[in-house]
Amino acid sequence: MPEQQTTVQNEAIDLDAEFRESNVQEVLDQLDRELVGLAPVKTRIREIAALLLVDRLRRRLELSSETPTLHMCFTGNPGTGKTTVAMRMADILHRLGYVRQGHLVAVTRDDLVGQYIGHTAPKTKEVLKKAMGGVLFIDEAYYLYRPENERDYGQEAIEILLQVMENQRDDLVVILAGYKSKMERFFQSNPGMRSRIAHHIDFPDYTEDELLAIARLMLAQMNYRFSPEAEEVFREYVRRRMRMPHFANARSVRNALDRARLRQANRLFAARGRALTREDLMTIRPEDILASRVFTEGAPDGGAEEEMAAPAG
Amino acid sequence: MMTNYGNRITQGQFSFLPDLTDEQITAQIKYALQQGWAVNVEFTDDPHPRNTYWEMWGLPMFDLKDPAGILYEINECRKAYPNHYIRVTAYDSTRGWETPRMSFIVNRPKEEPGFGLVRTETNDRHIVYTVRPYATEKPENERYG
């Protein structure tokens, strides 16, 4: 036995090989490629990846320590990429062997809290069981706690959640997400929750350039592109839209692009009789964007519709 | 019944083997989940082989990806019924199967008294045989210590 131990201790620790073997670099690269900006988020993900990798090596050398707690809280304004990153997180944690299956179960208050006495516990437990071996993503987690109603069943769901977060750390990772100020209030009334979450990650708002880069990426994914003039017009659109109420970062950009596609289709349809090229079908021209109410009336497109959409995550 | 050491009942899979460890149970459940079967926990204190329908511990668990959730329920059931038989079944809902594809015992009473053979004489000196679990002489929930 002692012989074996010395060999283990003298074995060179090849962190690099371990890193390559885990394919984490691939995920991190993908993260860099597909998510614009979000520097603090990416830094934190890299730190977590490093921690897990080192932890894995330590375990191999029998330097046992408690499994690190990886429950996280994502705060940020609407459309800053919280759900997208959570999705990636499940994949990263799976590759590092921290979660066994690597699936993401996304839920909101409705999925956890029941409607009558005795309904909440089985409901919450069922969701937790489904999420085991993966990541449980609770969107708008602050709605779980409703201080104005003392008979609200949300508290019960929180208690079960806390218990599982503490006792079955190996089985699942919980990610809470929501707007910063509301999450802050939620944690104040649930200090137990705050202390069980090791990683609080704040998603910053995007800058104008970043939003433009996002728009380009989104268009490329849909096989569209801006004409050079259209790109300048879209930059102006973003600049104006950012100052208006209910601006939802990347989500507003996506909505604007969807409306531009609509107008492009309409324009092509109106000009029928002329032969269309592949180029025509792919290009978004300035007039497709300039027709937006942001330019004509100085108000966001869609009006009430967008207002409704804005608080949803 | 003395061919069966300790009067252990032998129903379902693995019942001639020593009791499965939690690790082995997890591996079996993992297989069931990979096949897309719904796993279910059931319990009873009537060991008669013809007692097919056991009590269900909660609902069958659909859409689970990982055995941890089921092992949790097994342990909850063990806590509530430490001296009952508990089994895990995996139901295949594929058209044409629609039946449990796996069934194995994960918990048994500490002492299993076994079965008695009852001979009933009928007409013409014919004999009808039946087996009777000694445990069922007592009412439900009082059968095993």
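Is A:Arg88 buried or exposed? A:Arg88 is buried, because its relative accessible area is 14% and the cut-off for buried is under 20%. This is a predicted model.

**Around A:Arg88**

A:Arg88 sits in helix H5 (residues 82–95) of chain A. Setting aside neighbours within four places in sequence, A:Arg88 is in contact with A:Gln30, A:Leu31, A:Glu34 and A:Leu35. One of these, A:Leu31, also belongs to the part of H3(A) that meets H4(A).

**Packing of H3(A) and H4(A)**

Helix H3 (residues 24–34) of chain A and helix H4 (residues 39–60) of chain A have axes that come within 11 Å. The axes cross at roughly 175°. H3(A) is therefore roughly antiparallel to H4(A). From H3(A), the residues in the contact are A:Val24, A:Leu28, A:Leu31 and A:Asp32. H4(A) contributes A:Lys42, A:Ile45, A:Arg46 and A:Ala49. By class, this contact has five nonpolar, three charged and no polar residues.

**Confidence**

Chain A has a mean pLDDT of 84. In chain A, 92% of residues reach 70 or more. Among the elements of the chain, the two extremes of mean pLDDT are these:

| Element of chain A | Mean pLDDT |
|---|---|
| Strand E3 (residues 135–139), highest | 93 |
| Helix H17 (residues 304–309), lowest | 42 |

Two stretches of chain A need care. Over residues 1–7 of chain A the pLDDT is below 50, and this stretch has zero contacts beyond near neighbours in sequence. Over residues 303–313 of chain A the pLDDT is also below 50, but that stretch has 25 contacts beyond near neighbours in sequence. Where pLDDT is low, predicted coordinates should not be read in detail.

Terms used:
Residues are numbered from 1 along each chain as its sequence is written. Chains are lettered from A and ligands numbered from 1 in the order in which they are written. This is a predicted model: local features need pLDDT of at least 70, side-chain atom pairs count only at pLDDT 80 or more; totals for chains, interfaces and linings use all residues. Side-chain values use heavy atoms; hydrogens and water are left out. Axes are lines fitted to C-alpha atoms, for helices over the stretch in contact, and angles run from 0 to 180 degrees between N-to-C directions. Helices (H or I, at least four residues) and strands (E, at least two) are DSSP runs, numbered from the N terminus. Angles under 35 degrees count as roughly parallel, over 145 as roughly antiparallel, 65 to 115 as roughly perpendicular and the rest as oblique. Contact means heavy atoms within 4.5 Å. Ala, Val, Leu, Ile, Met, Phe, Trp, Tyr, Cys and Pro count as nonpolar, Asp, Glu, Lys and Arg as charged, and the others, Gly among them, as polar. pLDDT is the predictor's confidence in each residue, from 0 to 100. Buried means under 20% relative accessible area, exposed over 50%, partly exposed in between (1.4 Å probe, protein chains only).
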